[in-house]
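Thanks for asking me to look this one over. My notes follow as numbered points, to be read alongside the sequence and the coordinates.

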Amino acid sequence: MSFTEAVVLVRTATEYGMSLKIRNVCENDLETILVINNATRLGILPLDDKRLRWFFERAVYFRVAEVDGVVGGFIIGFRETAAHDSSNFLWFRGHYPAFVYIDRVVIAPTLRGRGLGRVFYTDVQSYAELQVPMVACEVFLEPRNDAVVLFHGTFGFHEVAQRRMTGNNRRVSLLAKELCSFQFVRDTYLEQGGLPKLAWLENARRTCRQDHSAPAPQATGPA
Ligand SMILES: CC(C)(COP(=O)(O)OP(=O)(O)OC[C@H]1O[C@@H](n2cnc3c(N)ncnc32)[C@H](O)[C@@H]1OP(=O)(O)O)[C@@H](O)C(=O)NCCC(=O)NCCS
């Protein structure tokens, strides 16, 4: 985490006088997550309980923001090896050998614009940069949401392609951010080009046992 990013983190917790905790998801968060997700209509694909549970059991990275003791946002990420059926995820898999794909980041409407999204992206970057050279995600261009486009553009994402999603035919911008720390840490600090086999490194942010064999249940929404 850079100094600037750390400052953003501290600013978020103090400037707005709220207590903030970023932690791994628990099963009893899922109901709230479903409500937050489905309250965001056009910007995000809807979820049902079955698909969310599939995410819960298989996402390599799934964190929530607890604001004053209440879950106010979440972020979900998958490695390129996941059995995820998102057509955008599959596009990235066809073009890049290793990445963390951010399936979605959602902040409850009343908490937006207070730096929580930025805290999540700092956190996912810290998670990803020891393991892969890139994070990937997409934003809808139809309809385009300037706040979401700026949110990604000001965090170092750049467009690598545009495509129309299968199913709903909406145009999306596929975004990537290269993680320069990945190679630097390997070249500078690690022997034999790999991370040491330490349990805390493997499991630090993992929420659940991974099983890539089961296909994801279909989305109920337009995707
Ligand atoms: C996109 C989203 C996650 C951003 O989270 P957030 O907590 O509201 O964003 P932050 O407060 O951390 O803002 C970080 C930066 O994003 C940009 N940004 C965020 N909201 C903005 C707005 N309304 N107008 C302009 N820029 C905005 C700014 O560059 C901002 O930096 P700044 O505060 O220094 O100006 C949130 O708006 C959201 O949940 N949207 C609905 C779901 C969604 O579309 N997710 C993205 C696709 S998966």
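**Notes on the ligand shell and the fold**

1. By class, the shell around the ligand is made up of 10 nonpolar, six polar and four charged residues. Of the 20 residues around the ligand, those that come nearest are Gly43, Arg112, Gly117, Ala147 and Phe151. Three elements each supply at least two residues of this shell: strand E4 (100-107), helix H5 (116-128) and helix H6 (146-153).

2. Before you lean on any detail, please keep in mind that this is a predicted model. The average pLDDT of the protein is 86, and 80% of the residues score at least 70. The stretch I would flag is residues 208-213, where pLDDT stays under 50. For those residues the model has nine contacts beyond four places in sequence.

3. On the overall make-up, the protein has eight helices and seven strands. Of its 223 residues, 29% are buried. Among the contacts with a separation of 6 or more, 70% are between residues 24 or more positions apart.

4. Now to the sheet. Seven strands form an open sheet with mixed pairing, in the order E1-E2-E3-E4-E5-E7-E6. Strand E1 (20-24) and E6 stand at the edges with a single partner strand each, so one side of each is left without a neighbour in the sheet. From one strand to the next, the twist averages 25°. As a general reminder, the strands of a sheet pair through backbone hydrogen bonds, in either the parallel or the antiparallel sense.

5. Why can E4 be called largely enclosed by the rest of the structure? Seven of its eight residues are buried, which is the reason for that description. E4 also supplies at least two residues of the ligand shell. Seven bridges join E4 to E3 in the antiparallel sense, with Phe78 bridged to Tyr101 in E4. With strand E5 (residues 134-140), E4 runs parallel and shares two bridges; here Val100 stands opposite Val135 in E5.

6. Strand E2 (residues 61-67) and strand E3 (residues 70-79) are an antiparallel pair with seven bridges. Glu66 has Val71 in E3 as its bridge partner. In the loop between E2 and E3 you will find Asp68, which has a positive phi of about 45° although it is not a glycine. Asp68 is exposed, because 10 other C-beta atoms lie within 10 Å, and the cut-off for exposed is 12 or fewer.

7. Strand E6 (residues 158-164) and strand E7 (residues 171-178) are antiparallel too, paired over six bridges. One of the pairings sets Ala161 against Leu174 in E7. The two strands form a hairpin with six residues between them, and Gly167 in the turn has a positive phi of about 100°. Asn169 is in the loop between E6 and E7 as well. Its phi is positive, about 65°, although Asn169 is not a glycine. Asn169 counts as exposed because it has 9 C-beta neighbours inside 10 Å.

8. Which two residues does a cis peptide bond join? They are Glu142 and Pro143, with omega at about -5°. Pro143 lies in the loop between E5 and H6, and H6 is one of the elements that supply at least two residues of the ligand shell.

9. Is Phe89, in helix H4 (residues 87-95), buried or exposed? Phe89 counts as buried because it has 21 C-beta neighbours inside 10 Å, where the cut-off for buried is 20 or more. Neighbours within four places in sequence left aside, Phe89 is in contact with Phe78, His84 and Tyr101. Two of these names appeared above: Tyr101 in E4 is the bridge partner of Phe78. The C-alpha atoms of Phe89 and Arg79, 10 residues apart along the chain, are separated by 9.6 Å.

10. Last, Ala39 has its place in helix H2 (residues 30-39). Ala39 is exposed, because 12 other C-beta atoms are within 10 Å; exposed is defined as 12 or fewer, so Ala39 sits right on the limit. Ala39 and Val106 are 67 residues apart along the chain, with their C-alpha atoms separated by 9.9 Å.

How values were computed
Residues numbered from 1 in each chain as written. Predicted model: local features only at pLDDT ≥ 70, side-chain atom pairs only at ≥ 80, totals over all residues. Near = placed C-beta within 6 Å. Helix = DSSP H or I, 4+ residues; strand = E, 2+ residues; numbered from the N terminus. Nonpolar A, V, L, I, M, F, W, Y, C, P; charged D, E, K, R; others polar. pLDDT = per-residue confidence, 0-100. Contact = placed C-beta atoms within 7 Å. Pairing = 2+ DSSP bridges. Axes fitted to C-alpha atoms, helices over the stretch in contact; angles between N-to-C directions.
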